Amino acid sequence: MAEKIALLRPDSVIMAGSWFTYYMSPEGGRIDESIRLTVERLKSMGVQRIVGVGQFPHWTAPPQRILSRIYSPFAGLLDLEPKELQDNNKSLIVWGAFDVDKRLEEAFLKAGATFISPKSTLCNENGCLLLVPGGDGAPMEFDANHLDEWQAQFISAGRTNGRY
């Protein structure tokens, strides 16, 4: 990856990951130092802007599975509608996963990078966005941790639609 960055010489690099998972791993104690070293290396390669992206919502099940429950023939038994699940889903989120954001923010800022928290854009006291607003029913995550075009555009624009 370093060779590709050196070749492309981007002005900006975005660093994101499944931070909750990384911090819980046996290597978790070295994450902050790894962030510092990575930011340092990127700067030495001429990258002007480095943005650390905090933890995305960690769901109790993949968003596609949650949505499939709604659209299944048995959804009537569950009495759930996509709109309701979009507006009130706090029981489906592992809120403790966001605990790493404070530590991440400190690590990125100390290293000289910018930090943004998806939680502030995607979540409120009732839960987190499960579907991308205006995304034709697209779930907020492509898989457990990755965004596709709809999600990336929504996050990068920092859209809040007056609610989040």
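**A tour of the sheet, its helices and a pocket**

Begin by selecting Val 53, which stands opposite Ile 116 in strand 3. The model is predicted, so local features need pLDDT of at least 70 and side-chain atom pairs count only at pLDDT 80 or more, while totals for chains, interfaces and linings use all residues. Residues are numbered from 1 along each chain as its sequence is written, and side-chain values use heavy atoms, with hydrogens and water left out.

**The sheet**

Extend the selection to strand 2 (residues 49-53), which pairs with strand 3 in the parallel sense over 3 bridges. Strands (E, at least two residues) and helices (H or I, at least four) are DSSP runs numbered from the N terminus; two strands pair if DSSP finds at least two bridges between them. Now show the open sheet of 3 strands, in the order 1-2-3 with parallel pairing. Strand 1 and strand 3 (114-116) are the edge strands, each pairing on one side only. On average, neighbouring strands of this sheet are turned by 25 degrees against each other, direction ignored.

**The helices on the sheet**

Add helix 3, which lies across strand 1 and strand 2 and runs at about 165 degrees to strand 1. Helix 7 packs on the sheet as well, touching strand 1, strand 2 and strand 3, and its direction makes about 160 degrees with that of strand 3. Angles run from 0 to 180 degrees between N-to-C directions, and axes are lines fitted to C-alpha atoms, for helices over the stretch in contact. Contact means heavy atoms within 4.5 Å.

Next, isolate helix 3 (residues 31-44) and helix 7 (residues 100-110): they pack at an angle of about 35 degrees, with their axes 9 Å apart. Select Asp 32, Ile 35 and Val 39 in helix 3, which meet Arg 103, Leu 104, Ala 107 and Phe 108 in helix 7. The residues of this contact divide into 5 nonpolar, no polar and 2 charged. Here Ala, Val, Leu, Ile, Met, Phe, Trp, Tyr, Cys and Pro count as nonpolar, Asp, Glu, Lys and Arg as charged, and the others, Gly among them, as polar.

**A loop contact**

Move to Thr 60, in the loop between strand 2 and helix 4 (63-71). Leaving aside neighbours within four places in sequence, Thr 60 is in contact with Ser 91, Leu 92, Ile 93 and Val 94. Thr 60 and Leu 92 are 32 residues apart in sequence and 5.3 Å apart in space, C-alpha to C-alpha.
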